[in-house]
Amino acid sequence: MANHDMSNFSMLDLFRMEVEAQATILNDNLLALESNPNVSTELESLMRASHSIKGAARTVQLDAAVRIAHVMEDCFVAAQQGAITIDLADRVDVLLQGVDMIERLSQLNESEVGNWLAANKEEIESLITALCAILTPNQETPIENDSVTRDTSHIFGSQSTQVSSSTESAVEIQNLKLPDDEDFSMLDLFRQEVVSQSAILKESLLERKNNPEIDYTREQLEHLIKAAHTLSGASRIVQIDAAFRVSHAIEHYFIAAKEGKSPVGSHIDNCLEGINVLLRIAQVPETDIENWSVQHQAEIETLVAAISTIPTQKTEDKETRGKDNSKFKIQNSKLEVSSSSSPASPAPPALSSTITSSPKTPAPTTTSTSISPKDIAEIQKAKSADRVVRVSADNLNRIMGLAGESLVEANWLQPFASSLLRLKKTQVELSNLLEKLQESLVGENLNERAANSLSTSKVKANECRQILSERLNELELFARRSGNLSDRLYREVIASNMRPFADGAQGFPRMMRDLARRLGKQVKFEIIGKSTPVDRDILEKLEAPLTHILRNSIDHGLELPEERLAVKKPPEGTVRLEAAHRAGMLSITVSDDGRGIDLERLRQKIVSKGMVSADMAEQLTEPELMEFLFLPGFSTAQAVTEVSGRGVGLDVVQSMVQEVGGIVRAVSQFGKGMSFHLQLPLTLSVIRTLLVEISGEPYAFPLTRIDRIVMIHPASISVVENRQYFVLDEHNIGLVAAHEVLELENYDVHSEELPCIIISDRLSRYGLVVDKFLGERDLVVKPLVPCLGKVPDISAVALMDDGSPVLIVDVEDLLRSIDKLLNVGLINKINKITGSGITKPRKRILVVDDSITVREMERQLLENNGYEVEVTVDGMDGWNAVRTNSYDLVLSDIDMPRMNGLELTSRIKNHPNLKSVPVIIVSYKDRPEDRIRGLEVGANYYLTKSSFQDNSLINAVIDLIGESL
């Protein structure tokens, strides 16, 4: 039994909780029943669930919910008895509508119930009429209000069964005077429930006791289970723990009998005694219940233990039962434990000692049940095995953080033990030196004081070595134990934050079934990996994205039955949702066997929306085309409908996946189906990262956001438009230095190859050059202090094994920073020269030309001669660049937009800090007057572009600034 703290819940909160739990059962079993209408287990579960909702609705006096649940329960009971069959989709539709309406009612606030019911009265009445039509297919007569609301035998969900009670039961029941319906308090409702259900139980049990040759049928046992279940529910609602425990034990006793684990006939008396106790509890005044429960706790424990042991016992004959060592009795309203072997044992206090007026009781009965202390201990152990407590998410996160810190602290012990090991080695060397010193002084005339000092030093050294060795062994053992304990604690805390995938997928079968019905399609929906553990935070975030994908799979993916038959497919399409752990990640796949994506049609859609040109669209690969599906506002639907076509959906999937540090990709086979693959971290509390060194400091990149890691040879780096790139798998990857993006100092690390991390989003892909790879590491994520706000390019922090902090990079933010820096031209080039020695900086030249062909020709010519080159597209960009960066030479065209080369040269030569920078004008114009004008504004050389064909340009550069190094 789960122990919940009910002190903070109102009755309406309890009703909502009950509906939430039972609605899931109703939805699941109705869907199962639709495909197999004759399965009794589903019908039984449906009956119980609607029964529980009806009782909870009675408690909060929500008449509409009572009526709906009551008719639904009658439908399931009738189906159990074979009077009707729930084999038509239309009938399942109506029952599912009943579940939906009850859920809507449960979400109402107390202040809005009246207005809402008045506004929706016709819808509720229409629904009840439709539900009644299932019971009576040939007539559509709605249930009269009074037939449900005034039927007091349904309070707390009891069956409306007329009971002809035995004389024994009637005597007790008549002593309980019940008030009118309109004056009922919660305790009054409980008392009335005890009266009605006790009558049902006692009549059946006494009949079986008087006719032991007649055994219970399955239907009779189900009826008894339902009555006991109703009593336990009523007891829980009014929070009378003693009554709940007794009725709960009786319920489980009948369940064991139904499952064939225990015979009923020879052990009826214990259950009758339990029912008598429930009737007496019902008479205790409300103000005395708490005190009464405390005073009789021991007796209740003994009674519950006696009933609970019944399912494990074997059938015994009367002679054996008469010889039992321990007998459990209720005699003259007293609950006693008497032992035949210890007749002097004191009896516990009478159960009715605090009740002022006890009703007339039947003749005393005696039941023999063997109860040993070991049995009771096992019962208590079993009860406590599944106890749960409510823990807030914040508390769990704090516990997780502390468990991570504990793991870090435990890891610190091992390096400390290693340092002591080095100390031990040094101490051994010291002892050896003393040995050698003593040997070297043999034969020397030492005075007595020196000889004693040497001898004492040797003894002390040996003692130190022995003590150090012992303590080191103890420390190493403790370090291993501590590390193991911390690791186990850490893993248990992480596991407590997990929930089975099924918890987040409960509503999908119902959604898929309803949507398929609305669209006229046949769907077989499968969920694989329901028990896969998923982080609770990720599970909550998955609902919206998976809903969009699943809806698309039916609307866009699956064809209509006649279309599927035309292409030789079965009329029923299959949609599969699968969750699994793969390679340390959570993998979720949604696939269907529908029509798939027509890539050519998708290509045309992209062009028609103006996203890319027709020429570029022809060059896009299948994965690149699929990426457009995740763009906001993009839809492949032909028309806007209620289900799709509004361009909202898959971008939500992409956003959620990136938010948690995962990736999503779509794969399609035209005519065969489509699948979406989501790769997510197992938990948001602990992430697998790649540690790198940037500017002498460690940084962590989530592995889920890294496409690849590569080592780049500097010779493979190329430059276009002043941007560096390298080729990987026939794709150009832009190259930037991590220290520049993060605004850190440049630590020159000379190596033959450059470590590079490939990162990307939907639009861009970059290679980030770092100083060094440090390896993979699991890190416990700790949020940044809120007062810091959003730290650029950083998402969180974690602790290393030595306790030092490491920043976790926000890859999404980092990509935006790279785009911003590249757009304003503030990214410097990565030095291609490697080696172990110190290199001199290369001389820098700025090329200013509006022709990309000329720019690239000049850049390659100069770089091939060892110069570092940057390019700008016109005179204004050149002027901004020369003012913000240092260059050894400027190479400029004349005719350019915004600012021509003559004006640029004039500004450079008239600027007090730039006038020493030499300028070479290279132009197509070869007239003498053009040459004179260029030299007049301050150009050091005026060359024509034909100089590219000879060494004129290079000679001029060398003449002005010398060789490249």
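**Overall make-up and a six-stranded sheet**

Of the 965 residues of the protein chain, 46% count as buried, a residue being called buried when its relative accessible area is under 20%. The model is a predicted one. The protein chain exposes about 48600 Å², and carbon and sulfur atoms supply 50% of this area. Its secondary structure consists of 33 helices and 26 strands. Among the contacts in the protein chain with a separation of 6 or more, 70% are between residues 24 or more positions apart.

One sheet was examined further. Six strands form this open sheet, and their order across it is E13-E17-E18-E16-E15-E14. The pairing of the strands is mixed. Strand E13 (708-712) and strand E14 (718-720) stand at the edges; each has a single partner strand, so one side of each is left without a neighbour in the sheet. On average, neighbouring strands of the sheet are turned by 40° against each other, direction ignored.

At one of these edges, the partner of E13 is strand E17 (residues 754-760), and the two pair in the antiparallel sense. Five bridges make up the pairing of E13 with E17. Within it, Met711 stands opposite Pro755 in E17.

A helix is also associated with the sheet. Helix H28 (residues 811-823) lies across four of the strands, namely strand E15 (723-728), strand E16 (731-737), E17 and strand E18 (765-769). Relative to E18, helix H28 runs at about 95°.

Terms used. Residues are numbered from 1 along each chain as its sequence is written. This is a predicted model: local features need pLDDT of at least 70, side-chain atom pairs count only at pLDDT 80 or more; totals for chains, interfaces and linings use all residues. Side-chain values use heavy atoms; hydrogens and water are left out. Two strands pair if DSSP finds at least two bridges between them. Axes are lines fitted to C-alpha atoms, for helices over the stretch in contact, and angles run from 0 to 180 degrees between N-to-C directions. Contact means heavy atoms within 4.5 Å. Buried means under 20% relative accessible area, exposed over 50%, partly exposed in between (1.4 Å probe, protein chains only). Accessible areas come from the Shrake-Rupley method with a 1.4 Å probe; for residues, only the protein chains shown count as cover.
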